[in-house]
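Visitor: I'm new to this one. Could you take a single part and walk me through it closely, then show me what lies around it?

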Amino acid sequence: MALEEYRKKRRFDKTPEPFARTETKQRNRFVVQEHYATHHHFDFRLELPADFFESDDPSGPIVLKSWAVPKGISNKKGVKRLAIQVEDHPVDYINFKGTIPEGQYGAGTVTIWDKGTFEVLKKKPNSLKFILHGERLSGEFHLIHTARGKGNEWLVFK
Ligand code: MN
């Protein structure tokens, strides 16, 4: 279930993106990918169980919970950025960089903007307080679900 949407959106004979393989081991990594798609944006991904936000005792396969952040995450305290939750991505995607061909979902070039590890400080069904240990992003961050849009809008800020 966790990666069904990811799989449905892509043709793996046409895209260099990794196949939808789930993991059982969580290593608390994150990545921010810069994506030169039709609309330039950043993709923020946290390595977490698929049912992380829904369950008090998450046990799902490990995936990358993912948000598209149009303006990117700011390392300045209090600068709130819109983060649109998108489909879970496979853990292998954490190292993905390359070009998704024209005509395929998300066509354009993907580069790795930042990566590192994170620690969860506090989780609620609609928010997450966490520490990022990246090269560009470091310190305490918050993700807050606003439930606007199609219910997929969050805010992310330091
Ligand atoms: Mn993207």
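Guide: Let's start with the network of salt bridges and then move on to the metal site, the cores and two loops. This is a predicted model, in which local features need pLDDT of at least 70 and side-chain atom pairs count only at pLDDT 80 or more, while totals for chains, interfaces and linings use all residues. Residues are numbered from 1 along each chain as its sequence is written, and side-chain values use heavy atoms, with hydrogens and water left out.

The network links Glu5, Lys9, Arg10, Glu17 and Glu87 through salt bridges. A salt bridge here is a side-chain nitrogen of Lys or Arg within 4 Å of a carboxyl oxygen of Asp or Glu. The structure holds 11 of them. In general, side chains of opposite charge can pair when their charged atoms come close.

Take Lys9 as the place to begin. It pairs with Glu5, the closest N and O atoms being 3.2 Å apart. The two sit 4 residues apart in helix α1 (residues 4-9), so about one helical turn separates them. (Helices, H or I of at least four residues, and strands, E of at least two, are DSSP runs numbered from the N terminus.) Glu5 is partly exposed, with a relative accessible area of 43%, and Lys9 is partly exposed too, at 30%. As for the cut-offs, buried means under 20% relative accessible area, exposed over 50%, and partly exposed in between, using a 1.4 Å probe and protein chains only.

Lys9 also forms a salt bridge with Glu87, again with the closest N and O atoms 3.2 Å apart. Glu87 lies in strand β4 (residues 81-89) and Lys9 in helix α1, so this pair ties together parts that are 78 residues apart in sequence. Glu87 is buried, with a relative accessible area of 5%. Elsewhere in the network, Glu17 and Arg10 meet at 3.1 Å, N to O, and both are buried.

Now for the metal. A manganese ion is coordinated by His35 (ND1), His41 (NE2) and Asp43 (OD), at 2.2 to 2.3 Å. Donors are N, O and S atoms within 2.8 Å of the metal (3.2 Å for Na, K and Ca), and water is not among the atoms, so sites may look incomplete. Along the chain, the donors follow the spacing H-x5-H-x1-D. His41 and Asp43 are buried.

Next, the largest nonpolar core: of its 22 residues, Phe44, Leu46, Trp67, Leu132 and Leu143 touch the most other members. Such a core is a set of buried Ala, Val, Leu, Ile, Met, Phe, Trp, Tyr and Cys residues joined through side-chain atoms within 4.5 Å. Strand β2 gives the most to this core, with 4 residues. Apart from it lies another core, of 12 residues, among them Tyr6, Ala50, Ile94 and Ile100.

Two loops round things off. Asn28, in the loop between α1 and β1, has a positive phi of about 55 degrees although it is not a glycine. Most residues other than glycine have a negative phi. In the loop between β3 and β4 you'll find Ser74, which is buried at 11% relative accessible area. A polar atom of the Ser74 side chain lies 3.0 Å from the backbone nitrogen of Lys76.

Terms used
A polar contact is a pair of N or O atoms within 3.5 Å; within protein, one must be able to donate a hydrogen and the other to accept it, and residues adjacent in sequence count only if both atoms are side-chain atoms.
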